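Q: I would like a close look at a single strand in this structure and at how it sits among its neighbours. Please take me through its surroundings step by step.

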Amino acid sequence: MAALRSRKVVELFYDVISPYSWVAFEVLCRYQTRWNIDLQLRPFFIGGVFKETGNKPPALLAAKYTYAQHDLRRLADFYKIPVKMPPMERLMRRENVNSNRLLTAVTLDCPEHLENLSRELWMRVMARDQDITEPASLETAATAAGIPSDTTPQLLSRIRDDDVKAALKDTTNQALAYGAFGAPTIVAHIEGTPVMIWGSDRFPLLAHLLGERWEGPLREMAKY
Amino acid sequence: MATPIRKSVELFYDVVSPYSWLAFEVMCRYQQKWNIDLKLRPFFLSGIMQGAGFHQPGPSKASYMGKDLKRQTDMYKVPFKMPRNPAEVILIKGSLNAGRFLTAVDMNCDQYLEELTRQLFLRVYYRDEDITEPASLMSAAAKAGIPEDLAKQLLSTIKDQAVKDRLRQTTQAALDHGAFGSPTIVAHVDGKPQMFFGSDRMELMAHMLGEKWYGPLPELAKAKM
């Protein structure tokens, strides 16, 4: 009989404009049924992280952007996630923050929709090269994610509310306090100590730290 | 029954790059497990940075990399220790002489290339020792089993045009594959070169090579303290 052990908290700080955040998100969603973890989704604002740390978006280096296009194509196949590097114009849009604010509003008001809406926003911007900044786009995403259409106008209006903007800033500052400089930022709470891990390529290490086993990409659990 | 042709995997590396040591040791272990022909390609990271551009990591990223290297090398059983002044090691002292010495060995007696590479990594990233002075390179060569006369002769060639050109060509070859840092691994899969950056694409590379990933394989570790 398995001993009762309290679940270890694993926070995932992510931005939907970050393709590698989608990889980390899907992997952790698959593993939350395998590992004894409590996955906590923390949508944050990567623009704020870059601004505070002075770290540059990797896409600004042409060779890195080109490499990431190939890398993501291979990772898409390996993990069975339809992720594609978006065109630069989409990556760099300041209005991308609207989707972060929407996710923050969902975290505050109806967190049961956070996972589905995050996934739907990534499907739009990464799989289908669709907009995630305009109200109409966000309304379509919310409906596709299963949020009742009679609540979406109110939810969308929350993007402009001060408490939502403050909550997004607060989550971003929490990530910065853990030492974040990019996305995704994973924080595993191991015996009371937060361990910050950057990127979507440290899962075997994360497994090792959690006392769990890495079983690979688990493509059979793909939602696609 | 026909023997399957070994797939060529090139490892472009600079001994001043800590993640390159990790990739190097992992590939040395896996060349015993996989049907691959591992080709070591010492290059010049400074040349890569000039060719592709470079974003210097800020303090929080640099701090993270130190912790990450410790955790990764612990897991992989590579005896890594960060030098007291990594910025000086990488950006100021650099690796030009070391890169040329490795190139000379590659050109003349490549059977020593793997062990010389290892001894240079151990100098800088285990014992925090110099790799720029002739005496340092001779010491690494001795530990790599290179006979003293041969080592002295190769050392005398490191300013020769042929050696400089070869290091430049190797660096350019990596740039032509899209490299922007070290390590850069190029696996030749179905006639197509697949470039991987870093030491953390091994499981993906295994998948593309049709091989099995066994994790760190510490029992095959060769780096001795």
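A: What follows is a connected description of one strand, E3 of chain A, and its surroundings in a predicted model.

Strand E3 of chain A spans residues 185–190 and is mostly covered, with five of its six residues buried. Its place in the sheet gives the setting: four strands of chain A form an open sheet in the order E2-E1-E3-E4, and the pairing in this sheet is mixed. Strand E2 (37–43) and E4 of chain A stand at the edges, where each has a single partner strand, so one side of each is left without a neighbour in the sheet. From one strand to the next, the twist averages 20°.

On one side, E3(A) pairs with strand E1 (residues 8–14) of chain A in the antiparallel sense, over four bridges. Within this pairing, A:Val187 of E3(A) is the bridge partner of A:Glu11.

E3(A) also pairs with strand E4 (residues 193–198) of chain A, again in the antiparallel sense, and here the pairing runs over six bridges. Residues that face each other across these two strands include A:Thr185, which stands opposite A:Trp198 in E4(A), and A:Ile186, which stands opposite A:Ile197 in E4(A). The two strands form a hairpin with two residues between them, and in the turn A:Glu191 has a positive phi of about 50°.

Finally, there is a helix to consider: helix H1 (residues 19–31) of chain A lies across E1, E2 and E3 of chain A, and its direction is at about 155° to E1(A).

Key. Residues are numbered from 1 along each chain as its sequence is written. Chains are lettered from A and ligands numbered from 1 in the order in which they are written. This is a predicted model: local features need pLDDT of at least 70, side-chain atom pairs count only at pLDDT 80 or more; totals for chains, interfaces and linings use all residues. Side-chain values use heavy atoms; hydrogens and water are left out. Buried means under 20% relative accessible area, exposed over 50%, partly exposed in between (1.4 Å probe, protein chains only). Two strands pair if DSSP finds at least two bridges between them. Axes are lines fitted to C-alpha atoms, for helices over the stretch in contact, and angles run from 0 to 180 degrees between N-to-C directions. Contact means heavy atoms within 4.5 Å.
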